[in-house]
Amino acid sequence: MSINILGKKIWYEIYGTEYNDTLLYLHGGPGASCLDFVNQAKALSEKMKVIIFDQLGVLRSETIAENESYSMEYQIEMLEEMRKFLGIEKWSILGHSYGGMLAVLYVYTYPNSIHKVIPECPSLFFEDSVKSIAEYLNDHINSLNNNQAVKLCEKIKFTDYQDKTEVVFDLLTLLGYVTDMKLRNYLHGISFDEYQMSMDTTDITDEMWSKGERHLMKLLETQPQTNDSLQKRVLMTDNFLPMLSKITTPMLLINGKYDPACTKNQIEYIMNNTQNVTQAIFEESGHFPRIEEAKKYTNTILRFLET
């Protein structure tokens with residue numbers, strides 16, 4: 001289904017329509033889509049309403065035009081307009097990885113619209129996450145006998161980046177060298193084939209996937225290209241951790257024990273500086289506990305939202 005939000009067509013699905021309690025899922029990437037959350041949406045919808053969607057410029061949602069401005073603030077306004085359009089007084093939100101950034105920014109901006117918030121394997125300080133990922137990939141990169149890959153890995157680990165967008169491109173380049181797809185996707189409890197089989201991509205074309213690159217590039221622009229009332233104040237390369245001290249909404253931090261993106265530094269900061277937070281550690285997971293430990297994940301989410 002498609003919904004018109006701020007003049008843009010956004011693809012979405014609703015599961016458990018008979019329930020009032022609502023959970024909104026924010027996918028990661030940027031540009032990864034909600035495809036790999038469908039199984040969890042179905043499981044969770046036994047007890048609540050679950051809404052999943054592709055963010056603007058991703059897969060089945062409308063493409064972002066080349067000369068169009070786009071920002072994290074714009075995404076937050078789209079979420080709030082979606083809530084109003086669907087007639088939901090308050091909903092809980094679950095954000096995976098980059099979606100965790102969106103979740104934190106959303107609850108920071110509109111605390112009265114959100115019942116509870118669940119950052120799942122969030123990356124709330126991108127440069128810190130990238131350095132951790134470089135450490136995680138270090139042995140694999142060294143095994144490739146590729147001097148360029150080794151030098152880039154060392155650069156990421158030890159550079160204090162002044163241009164924060166550079167670290168994004170360095171990460172993308174480093175991941176391009178990785179030949180082990182299980183490592184490439186930060187998996188631990190399942191194989192890459194099992195990860196792929198967890199989602200249905202039958203109707204997804206290469207053209208749809210390619211849209212995500214512009215979604216990312218637009219988020220990295222420091223200024224909108226046109227006069228826009230939603231001026232960019234927040235970038236995905238910013239440190240989102242300081243926002244947490246202002247958030248009083250009940251929060252559940254979900255992290256995989258072997259996830260390099262949600263770092264030990266960030267976890268410690270979240271647990272020590274958020275007023276109303278609990279933690280669920282998935283001992284056999286990397287970056288995708290909802291797939292790697294699916295049943296435990298479903299039960300953990302339901303317990304948190306039902307109490």
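Q: Are K8 and E68 buried or exposed in this predicted model?
A: The model is predicted, so local features need pLDDT of at least 70 and side-chain atom pairs count only at pLDDT 80 or more, while totals for chains, interfaces and linings use all residues. Residues are numbered from 1 along each chain as its sequence is written, and side-chain values use heavy atoms, with hydrogens and water left out. Relative accessible area decides the class: under 20% is buried, over 50% exposed, and in between partly exposed (1.4 Å probe, protein chains only). By that scale K8 and E68 are both buried.

Q: Which parts of the chain does the salt bridge of K8 and E68 link?
A: A salt bridge is a side-chain nitrogen of Lys or Arg within 4 Å of a carboxyl oxygen of Asp or Glu, and K8 and E68 meet at 2.9 Å, N to O. Helices (H or I, at least four residues) and strands (E, at least two) are DSSP runs, numbered from the N terminus. The two residues are 60 apart, and the parts linked are strand β2 (residues 8-15), with K8, and the loop between β4 (49-53) and α2 (72-85), with E68.

Q: Which helices does the pair of K164 and E127 tie together?
A: The side chains of K164 and E127 form a salt bridge at 2.6 Å, N to O. K164 is partly exposed at 29% relative accessible area, whereas E127 is buried at 6%. The pair ties together parts 37 residues apart in sequence, namely helix α6 (residues 164-177) and helix α4 (residues 126-143).

Q: In which helix do E81 and K84 both lie?
A: E81 forms a salt bridge with K84, with the closest N and O atoms 3.9 Å apart. At 31% relative accessibility, E81 is partly exposed. The two residues are three apart, about one turn of the helix, and that helix is α2.

Q: Which element gives the largest share of the lining of the largest pocket?
A: A pocket is found on a 1 Å grid over the protein atoms alone, as an open set of points where a 1.4 Å probe fits, with protein on both sides within 12 Å along at least five of seven lines; lining residues have an atom within 4 Å of a point. The largest pocket is lined by 41 residues, and G29, P30, G31, A32 and R184 lie nearest its centre. Helices that each supply at least two lining residues include α3 (98-109) and α8 (192-197). The largest share, five residues, comes from α9.
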